[in-house]
Amino acid sequence: MFIELIRLGKDAELKQAGQTEILSLYGAYDVGYGDKKKAQWIGLTLFGKRAGQVADMMRKGTQIMATMDDVQVEEYN
């Protein structure tokens, strides 16, 4: 399980797929300490009724606490 305080990097995007609402979020959290501190970017997706309920609150700069079970890491240079 992964639990982290995340800062949203842009406004959330709400989409509709049939009857299901899908909310896409992009944010960053800090990794490391001192001079080695850097931002790690992560993409999050929220499905269903709750996605539509919170979409208006998810604006750039908002901090959210994310709890994730299935985390997949891809690194780009």
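A residue is called exposed when its relative accessible area is over 50%, buried when that value is under 20%, and partly exposed in between. Met 1 has a relative accessible area of 73%, so Met 1 is exposed. Keep those cut-offs in mind as we walk through this structure, which is a predicted model.

## The overall plan

Let us begin with the chain as a whole. The chain has one helix and five strands. Following the sequence from start to end, you meet them in the pattern β-β-β-β-α-β. The helix therefore comes after four strands and before one more.

How much room do the C-alpha atoms take up? Along the principal axes, they fill a box of roughly 45 × 25 × 25 Å. The chain has 77 residues, and buried residues make up 23% of them. On the outside, the accessible surface comes to about 6,100 Å², and carbon and sulfur atoms account for 49% of that surface.

Contacts tell you how the chain folds back on itself. Among contacts with a separation of 6 or more, 53% join residues that are 24 or more positions apart.

## Starting at strand 1

Met 1 sits in the segment before strand 1. Together with Ile 3, Leu 5 and Met 65, Met 1 forms a nonpolar patch on the surface. The accessible area of these four residues together is about 470 Å².

Glu 4 belongs to strand 1, which covers residues 2–8. Is Glu 4 buried, partly exposed or exposed? Its relative accessible area is 24%, so Glu 4 counts as partly exposed. Which residues does Glu 4 touch, once its neighbours within four places in sequence are set aside? The contacts are Tyr 29, Ile 64, Met 65 and Ala 66.

One of these partners shows nicely how sequence and space can tell separate stories. Glu 4 and Met 65 are 61 residues apart in sequence, and the distance between their C-alpha atoms is 5.8 Å. Met 65 also takes part in the nonpolar patch with Met 1.

## Charged partners

The structure holds four salt bridges. Here are three examples, with the gap between nitrogen and oxygen for each pair.

| Residue | Partner | N to O distance |
|---|---|---|
| Asp 30 | Arg 7 | 3.6 Å |
| Glu 13 | Lys 10 | 3.0 Å |
| Asp 30 | Lys 37 | 3.7 Å |

Let us look at the bridge between Asp 30 and Arg 7. Asp 30 lies in strand 3 and Arg 7 in strand 1, so this pair ties together parts that are 23 residues apart in sequence. Asp 30 also meets Lys 37 in a salt bridge. Arg 7, Asp 30 and Lys 37 are thus linked in a network of salt bridges.

How accessible are the members of this network? Arg 7 has a relative accessible area of 32%, so Arg 7 is partly exposed. Asp 30, at 36%, is partly exposed. Lys 37 is partly exposed as well, with a value of 48%.

Glu 13 and Lys 10 make up another bridge. Glu 13 is partly exposed, with a relative accessible area of 29%. Lys 10 counts as partly exposed too, at 37% relative accessibility.

## A buried residue in strand 3

Ser 24 lies in strand 3. Why does Ser 24 count as buried? The relative accessibility of Ser 24 is 11%, and the cut-off for buried is under 20%. Apart from its neighbours within four places in sequence, Ser 24 is in contact with Ala 12, Glu 13 and Leu 44. Glu 13 is a residue you have already met, as the salt-bridge partner of Lys 10.

## The largest pocket

Now for the empty space. Rolling a probe the size of a water molecule over the atoms shows where such space is left. The largest pocket has a volume of about 870 Å³. It is lined by 29 residues, and the closest to its centre are Ile 42, Gly 43, Leu 44, Met 68 and Val 71. Leu 44 is also one of the contacts of Ser 24.

Which part of the chain gives the most to the lining of this pocket? The answer is strand 4, with ten residues. Strand 4 spans residues 38–47. Strand 3 (20–31), strand 4, helix 1 (49–54) and strand 5 (63–68) each supply at least two residues of the lining.

Methods. Residues are numbered from 1 along each chain as its sequence is written. This is a predicted model: local features need pLDDT of at least 70, side-chain atom pairs count only at pLDDT 80 or more; totals for chains, interfaces and linings use all residues. Side-chain values use heavy atoms; hydrogens and water are left out. Buried means under 20% relative accessible area, exposed over 50%, partly exposed in between (1.4 Å probe, protein chains only). Contact means heavy atoms within 4.5 Å. Patches are made of residues with over 30% relative accessible area and no salt bridge: like charges are joined within 9 Å, nonpolar side chains (Val, Leu, Ile, Met, Phe, Trp, Tyr) within 5 Å. Accessible areas come from the Shrake-Rupley method with a 1.4 Å probe; for residues, only the protein chains shown count as cover. A salt bridge is a side-chain nitrogen of Lys or Arg within 4 Å of a carboxyl oxygen of Asp or Glu. On a 1 Å grid over the protein atoms alone, a cavity is a set of points where a 1.4 Å probe fits but cannot get out, and a pocket is an open set with protein on both sides within 12 Å along at least five of seven lines; lining residues have an atom within 4 Å of a point. Grid points are joined across faces, edges and corners, and a volume is the space filled by probe spheres set on the points.
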